[in-house]
Amino acid sequence: MRSTTAQLGPAVKHVLALLEPARRPPVPQVEYGYLDLLGNEDPTGAHPGQRLMLSSGLALIYERLWRPLGGSLLMGAAGPGMHDQRRIALRMLDLTPNDRVLDVACGPGNFTRDFACAAGKGLVVGLDASKTMLAVAAGKAEPANLAYVRGDAQSLPFRDGSFDAICCFAALYLIEKPMRALDEIIRVLAPGGRVALLSSCNRGPAPASVTNPVVRTLTGVRIFAREELTRALRDRGLTSIEQQVVGLAQFVSARKLAVTRTSRRRS
């Protein structure tokens with residue numbers, strides 16, 4: 001279904017206003033309840049684990065079965081379950097009622113909906129490249145401040161500094177070019193904004209330089225070295241970096257430097 005701007009809901013209209021002008025479609029496509037900015041493009045990647053994310057069957061069981069099982073395998077039986085992971089994400093993002101929040105690789109919206117409740121009068125955007133995941137997400141009853149977008153995490157369509165908080169949980173290790181996605185996340189994060197990541201973490205006797213090529217070739221999953229993400233965030237100018245390693249996973253949070261009056265004058 002192609003809609004005129006006047007027919008769109010307020011959250012989608014807000015999303016359109018945040019898009020870079022060159023990425024704003026003249027006629028928005030919202031056929032399945034999400035704004036599709038990719039059309040026939042597919043940035044997912046060719047490895048088995050990446051292609052699986054496009055499966056309609058997986059989308060139906062992802063939230064209740066696949067994601068909890070994957071978390072248990074990654075973090076161990078004693079690791080945080082889905083409820084605790086949501087709590088951790090909300091703590092790291094430190095949302096306020098007027099925040100603009102981006103959930104990168106949101107899947108069927110299992111975290112996105114919680115962010116929408118916490119953001120109150122703000123805007124929450126769930127972005128994913130999978131049509132099947134977004135169709136499931138958009139098929140649920142959603143708060144009025146939430147919108148879903150089909151887009152590429154490696155080339156986010158939003159203007160610089162569009163969001164006060166950005167989450168990317170259990171997805172960065174499947175993105176074809178994760179460091180490019182990290183660059184994009186930081187680009188669209190507003191000064192003073194918060195970022196929350198959940199990703200893989202190498203813990204075995206062999207270094208990540210040995211384990212990652214094998215695992216990535218077989219599955220498409222990238223195994224990050226223990227300091228790889230924290231160093232990448234630090235190198236990109238983020239501060240207040242915190243890391244919690246649980247099993248073969250890591251929770252990482254950071255903050256983008258706020259723009260001070262002094263820095264504004266210098267620029």
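Helices here are DSSP runs of H or I with at least four residues, strands are DSSP runs of E with at least two, and both are numbered from the N terminus. With that in hand, Ala105 can be placed in the loop between E2 and H5. One thing to keep in mind throughout: this is a predicted model.

## Helix H3 and its partners

Let's start with H3, which spans residues 56–75. H3 and H4 pack with their axes 10 Å apart, at an angle of about 80°. Angles of 65 to 115 degrees count as roughly perpendicular, and H3 and H4 are therefore roughly perpendicular to each other. On the H3 side, Glu63, Arg67, Pro68 and Met75 meet Met82, Gln85 and Arg86 of H4.

H3 also packs against H6: their axes cross at roughly 45° and come within 8 Å. H3 and H6 are therefore oblique to each other, and their crossing is right-handed. H3 brings Ser56, Leu58, Ala59, Leu60 and Tyr62 to this contact, while H6 brings Thr132, Met133 and Val136.

## What covers H6

H6 covers residues 131–138, and its Thr132, Met133, Leu134 and Ala137 are buried. So what sits over the buried residues of H6? The cover includes helix H3, strand E3 (123–128) and strand E4 (146–150). Of the buried H6 residues, Thr132 and Met133 turn up in the contact with H3 as well.

Tyr34 ties in here too. This residue is in the loop between helix H1 (10–18) and strand E1 (35–36). Tyr34 has a relative accessible area of 3%, so this residue counts as buried. Setting aside neighbours within four places in sequence, Tyr34 is in contact with Gln29, Lys131, Leu134, Ala135, Ala138, Tyr148 and Arg150. The chain separates Tyr34 and Ala137 by 103 residues, yet their C-alpha atoms are separated by 8.8 Å.

## H4 meets H5

Next up is the pair formed by H4 (residues 82–93) and H5 (residues 112–119), which pack at about 45° with axes 11 Å apart. That angle makes H4 oblique to H5. The crossing of H4 and H5 is right-handed. From H4, Arg86, Ala89, Leu90 and Leu93 meet Asp114, Phe115 and Ala118 of H5.

Arg86 keeps cropping up: besides this contact with H5, Arg86 is one of the H4 residues that meet H3. The charged end of Arg86 also sits over the ring of Phe111, 5.5 Å from the ring centre.

## The loop ahead of H5

Asn110 is in the loop between strand E2 (100–104) and H5. Is Asn110 buried or exposed? The relative accessible area of Asn110 is 3%, so this residue is buried. Not counting residues up to four places away in sequence, Asn110 touches Tyr62, Glu63, Arg67, Met82 and Arg86. Ten residues along the chain from Asn110 comes Gly120, and the two C-alpha atoms are separated by 17 Å.

Ala105 shares the E2–H5 loop. This residue is partly exposed, with a relative accessible area of 24%. The phi of Ala105 is near 60°, a positive value in a residue other than glycine. As background, most residues other than glycine have a negative phi.

## Aromatic rings

How many aromatic pairs does the structure hold? There are five. Phe158 and Phe163 make an edge-to-face pair, 4.9 Å centre to centre with 85° between the planes. Both Phe158 and Phe163 are buried.

Ring pairs also link Phe111, Phe115, Phe169 and Phe251 into a cluster. Phe111 is the ring that the charged end of Arg86 sits over, and Phe115 is one of the H5 residues in contact with H4.

## Strands E7 and E8

Ser253 is in strand E8 (residues 249–255). With a relative accessibility of 9%, Ser253 counts as buried. Leaving out residues up to four places away in sequence, Ser253 touches Met92, Val195, Ser240, Ile241 and Glu242.

Among those partners, Ser240 is found in strand E7 (residues 239–246). The relative accessibility of Ser240 is 52%; the exposed class begins over 50%, so Ser240 counts as exposed. Ser240 also has a positive phi, near 50°, in a residue other than glycine.

Terms used:
Residues are numbered from 1 along each chain as its sequence is written. This is a predicted model: local features need pLDDT of at least 70, side-chain atom pairs count only at pLDDT 80 or more; totals for chains, interfaces and linings use all residues. Side-chain values use heavy atoms; hydrogens and water are left out. Rings of Phe, Tyr and Trp (its six-membered ring) pair if their centres lie within 6.5 Å; planes under 30 degrees apart count as stacked, over 60 as edge-to-face and the rest as tilted. Buried means under 20% relative accessible area, exposed over 50%, partly exposed in between (1.4 Å probe, protein chains only). A charge sits over a ring if NZ of Lys or CZ of Arg is within 6 Å of the ring centre and within 35 degrees of the ring normal. Axes are lines fitted to C-alpha atoms, for helices over the stretch in contact, and angles run from 0 to 180 degrees between N-to-C directions. Angles under 35 degrees count as roughly parallel, over 145 as roughly antiparallel, 65 to 115 as roughly perpendicular and the rest as oblique. A crossing is left-handed if the near helix is turned anticlockwise from the far one by less than a right angle, and right-handed if clockwise. Contact means heavy atoms within 4.5 Å.
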